[in-house]
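This briefing is meant to be read beside the sequence and the structure, and it takes up a selection of features by topic.

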Amino acid sequence: MVQDDDGFIWIGTLSGLYRYDGSNVTRFLRDPSDSNSLTHNYAKALTKDTRGNIWVGTFGGGVNWHDRIAGKIRRVQATVSEGVLRGVNTVKLSHNKEMIVAAAEKCIFKISTALGVVDSFRFPSTPQMINSRVSDFLEYENDKFIVTTTGGLFHLDLSLNAAERIKHFREIQLPPTANRRLRCIEKDLEENFWIGSADDLLIMQKKGFGFLSRHEYDTTGLLKNSSVVKIMKDSTGRMWIGTSSGLFVSGNRDKQMQHVRASAKPDSISSVSGLMVDHLGILWVGTQDNGLYQVYQPDITFQTIAGLQNFSMKKAIRSILEERPGVWLMGTISGLYRYSFSTQQFEVITFAESKNKPMLWCQLKDRNNGIWIGAMDGVYYQPSRESKFMHFQHDPQNEHSLPFNIIGALAEDEYGNIWMGAYGNSRVTKTLCYYSPVSKTITRITGIAADEKPSPLPGAVIQMGTDREHNLWIGAMDTGLYSYEISGNPPPQSTFTHYAESSAVPHKISHGIVSCLRVGMNERIWFGTVSGGVNMLDIKTDSVSWFTVRDGLASNLVYRIEEDDQGILWLSTDNGISRFDPSTKTFTNYDITSGLPTNNLTFYSSMKCADGTIVFGTNTGDVVYFNPNSFKNSLNTQPAVITDIRLFNKSLETGDASPLKKAAYLINTLSLSHNQSVISFELANMDYLNPDVFTYAYKLDGFDKNWNYVSDQHSITYTNLDAGEYTLMLKQANHLGIWNEKPTLMKLIITPPWWRTTWANGSYGVLLLAGLYSFRRYERRRDRLKQEAEFERVETEKRVQQEFSRQLIETQEVERSRLAGELHDSLVQNLLIAKNRSLLAQKKLAEPETVGKDLGDISSVLDEAIEEVRKIAHNLRPYQLDRLGVTRALQALVKKVDEASAIRFRADLDNVDSHFTAETGIILFRIVQEGITNILKHSGATEANVVMKGGDKSVELTITDNGKGLADASAATTHASGFGLSGIEQRCRMLKGSCKVVSGPNNGTTLTISIPTEKL
């Protein structure tokens, strides 16, 4: 495994090469048809060169490399004198960082930047090398190698002697009990070579190549009979050993070997095949059978002060206090010690009043820089460095003495009173008192509990603190948490509020034994327990919540709590140190694998210095300290990375013909044309501690006004950007929620279409001038033509009107002739017959029977005459218009025609009577009548439809037939087509409407009439 300069993790496997970016995995395989693919799928060895390229040693295809700029695999056509290079076990960067050195079977060779072999060395056929192969090598100086093989350990010197290259090769004698099957080699900070064999670890000195005892590092024999496969040195100098039976680490100071286990599956890290530390300090562990594991190596340096073992028989640090910058006071059960950073020496502090070294429990520096020390035999007070210690003890005869000699906690209130908590038990009724600097006396507190009767009072007080509301908070090892109100000076006798594990108490906590207490920011009280994790009391809501190992805490036994300047909690436990972020409710844990000297810290001792440094004591006599502020700042550098650029959801490939000239994660300028309008950017989260939680912000400067904040989404898409220059700005928050305020920048250029380029704009200016001139000429010609057209239109309208008037007169004459004919042929004839019959009847008055018959005939003739008059009147103006309205009159008309003709007529008519008057209604009636008449005379149709729809703004009338149609529908309404359609058009104009005819040969005819109702 290896991490490149852009943050990608590269993993070589039996089945190909993989690249991981926190979100996606890209696989590289052999493709016989693609020269930009691996030569073999077994990627056995990886390394990175100074240009950021990744070199791949394959077990069956020689050496390949990944071109960082192009983002593609390149093949190395390397040969050696014995033939083509194939099986490669190891690739490493040379000592001078100018070449790649690789080991293949029985030779070592170098590859230059020109990708050709510049030097190779084949091992001689010694008895040890006949059936062995090179497994690993280490170039400890330029051209000087220690080579591990399956047949032993060898030294190779390729140093220069004048103009000739001399090759020295010799076997290094191993200890008699050492296994000759060697697997790997690494060098530690002390210039020792660590060599892994098939069943043990060997340690060899550089000078003289003599072997050291492994037991100096592995005192418990953890590595004995283990096949050591991988050895790696991290940036702190610790040595990580991957074996067939697990992962081990050796510290760079005490050299103590530790077995590293996975928290979820303690025995799962076995058969280790690869080790790597990434940019964030995460240790990546590859295994043969159980996949890949992460061991977090924090980007923080835990520093240790050692040496109190020489002063304290019990070793444990009981209390720590910053006397002044660079000088700390450390209390133990065997006395007080001063440590100076300038001299790195301890000084024993004596108490004149005590014959023996006092057993110390707690320390406090008051506002006047006075030192207060709680001990097994009372309280010691030193007003200043020059003064002697004053000693306060319990006196049964004195009410103003300590209530109990064992003092477990000290605190100072805002009035300057020093509060002292006795480490007694709940049966002691007076375990709390305070010293007044004004009266110079001690006052005992006899309080009662407000929630319980009878109530246990705080007994074994372990830690105290005061809040801004004048409350004293007390953590007791035997009875839980208490608050006590301090509302004045001197403080009055008050009541205790009790927080206990008992369900009978309103304020329930996770465990009744409180081990530590810290008054924190935002009105919160934090307190640890011995098996219930850490509790948080919100003063505002008076509610308690807690966090345990289920939430990520290293252990449910919390020793001490410190809060840094950002409100982050640091908790010491019996399983290392936990960092807790209250805003995200997330834990980060640190143990011996993170640089701690031990996982088991201690009760009682912790401190926050004036510069923010946090200090914890341990059970081994060491003191661990670190600055969380530098830790926070050091995690703000992870950039946002673009892994892919897509156009219309298709990834861009690098190449001369592509807008992408190099890999997406290296691009700083991208130029696209105006028609490449849908562009997407794929992002990766390379904060590998929590890659599933991805929070970033982006802004396209020149388009977006504000930053866009996104969570759990990996792509950004823009569409239809205007031509111009933009800058895409990206920034990312890490797993702690800390933003990298230095954004990743990429310039995006959208080129305009050719018609919006500079030369096109110049051409437009010339064309504009020419156009203005042409337009002026066009306007003059248009005005002339318009005048001519207007004259022609008026003349045409005159001709049409004259023709319509002529046709109307002719129609009227025809109508008059028809009426005259009807009157003459029918009505007059019938009236004459009636007259003659009456004359005959007069002559036959004497003949009653004959007269009666004649009168009957006269009556019949008169009936016929009356009917003829009705017909004539109906043709002149249908009576239904006045009696029924225009809609029902039209319905009657269509029905009558349907019954009297061979053509099937259908009507679908809305009631439009409200839109028409008597005068406009007869016009509409005549339009429909004329349309039906045209169908009957000329269409040759079998079916016809009359549809009328009334709306708020218009009446739409459609008359259709399936007849033979018209040859020229566009001329249907002109005078050339006869009076029928022309008359319809003229009547439409009388109604302010429009008329349209759609027809064609053998396609029938559709007459559409639109009459605006607001103009009727």
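**Briefing on the predicted model**

The lining of the largest cavity comprises four nonpolar and five polar residues, with no charged residue among them. The model is a predicted one, and the points below cover its cavities, its sheets and hairpin, a salt bridge, a helix and some backbone details.

**Cavities**

- The number of cavities of 30 Å³ or more comes to four, and the largest cavity has a volume of about 40 Å³.
- Residues L672, S673, H674, Q676, S677 and I679 contribute to the lining of the largest cavity, which is completed by N720, L721 and I750.

**The sheet from β37 to β40**

- Four strands form an open sheet in the order β37-β38-β39-β40, and their pairing is antiparallel.
- At the edges of this sheet stand β37 (360–365) and β40 (390–392), each of which pairs on one side only, while the twist from one strand to the next averages 20°.
- Strand β37 runs antiparallel to strand β38 (residues 371–375) and is joined to it by five bridges; within this pairing, L364 has W372 in β38 as its bridge partner.

**The sheet from β41 to β44**

- A further open sheet of four strands, with antiparallel pairing, follows the order β41-β42-β43-β44.
- Because β41 (407–412) and β44 (441–445) are the edge strands and have a single partner strand each, one side of each is left without a neighbour in the sheet.
- In this sheet the twist averages 25° from one strand to the next.
- Four bridges connect strand β42 (residues 418–422) with strand β43 (residues 432–436) in the antiparallel sense, and G421 stands opposite L432 in β43.

**The β29–β30 hairpin**

- Strand β29 (residues 272–277) and strand β30 (residues 282–287) run antiparallel and are joined by five bridges, with V285 in β30 serving as the bridge partner of L275.
- The two strands β29 and β30 form a hairpin with four residues between them, and G281, which lies in the turn, has a positive phi of about 85°.

**Salt bridges**

- Side chains of opposite charge can pair when their charged atoms come close.
- The count of salt bridges in the model is 27, and one of them brings together the side chains of D136 and K92, at 3.0 Å from N to O.
- This pair links distant parts of the chain, since D136 belongs to strand β15 (residues 134–141) and K92 to strand β11 (residues 90–93), with the two residues 44 residues apart.

**Helix α6 and the residue after it**

- Helix α6 (residues 918–939) consists of 22 residues and reaches 31 Å from its first C-alpha to its last, which is close to the 32 Å expected at 1.5 Å a residue.
- Just after α6 comes G940, which takes a positive phi of about 65°.

**Backbone details in loops**

- Most residues other than glycine have a negative phi, and most peptide bonds are trans.
- E191, although not a glycine, has a positive phi of about 65°, and E191 is found in the loop between β21 (182–187) and β22 (192–197).
- The peptide bond from N489 to P490 is cis, with omega near 5°, and P490 has its place in the loop between β48 (480–485) and β49 (495–499).

Definitions and conventions
Residues are numbered from 1 along each chain as its sequence is written. This is a predicted model: local features need pLDDT of at least 70, side-chain atom pairs count only at pLDDT 80 or more; totals for chains, interfaces and linings use all residues. Side-chain values use heavy atoms; hydrogens and water are left out. The expected span of a helix is 1.5 Å times one less than its number of residues. On a 1 Å grid over the protein atoms alone, a cavity is a set of points where a 1.4 Å probe fits but cannot get out, and a pocket is an open set with protein on both sides within 12 Å along at least five of seven lines; lining residues have an atom within 4 Å of a point. Grid points are joined across faces, edges and corners, and a volume is the space filled by probe spheres set on the points. Ala, Val, Leu, Ile, Met, Phe, Trp, Tyr, Cys and Pro count as nonpolar, Asp, Glu, Lys and Arg as charged, and the others, Gly among them, as polar. Two strands pair if DSSP finds at least two bridges between them. Axes are lines fitted to C-alpha atoms, for helices over the stretch in contact, and angles run from 0 to 180 degrees between N-to-C directions. A salt bridge is a side-chain nitrogen of Lys or Arg within 4 Å of a carboxyl oxygen of Asp or Glu.
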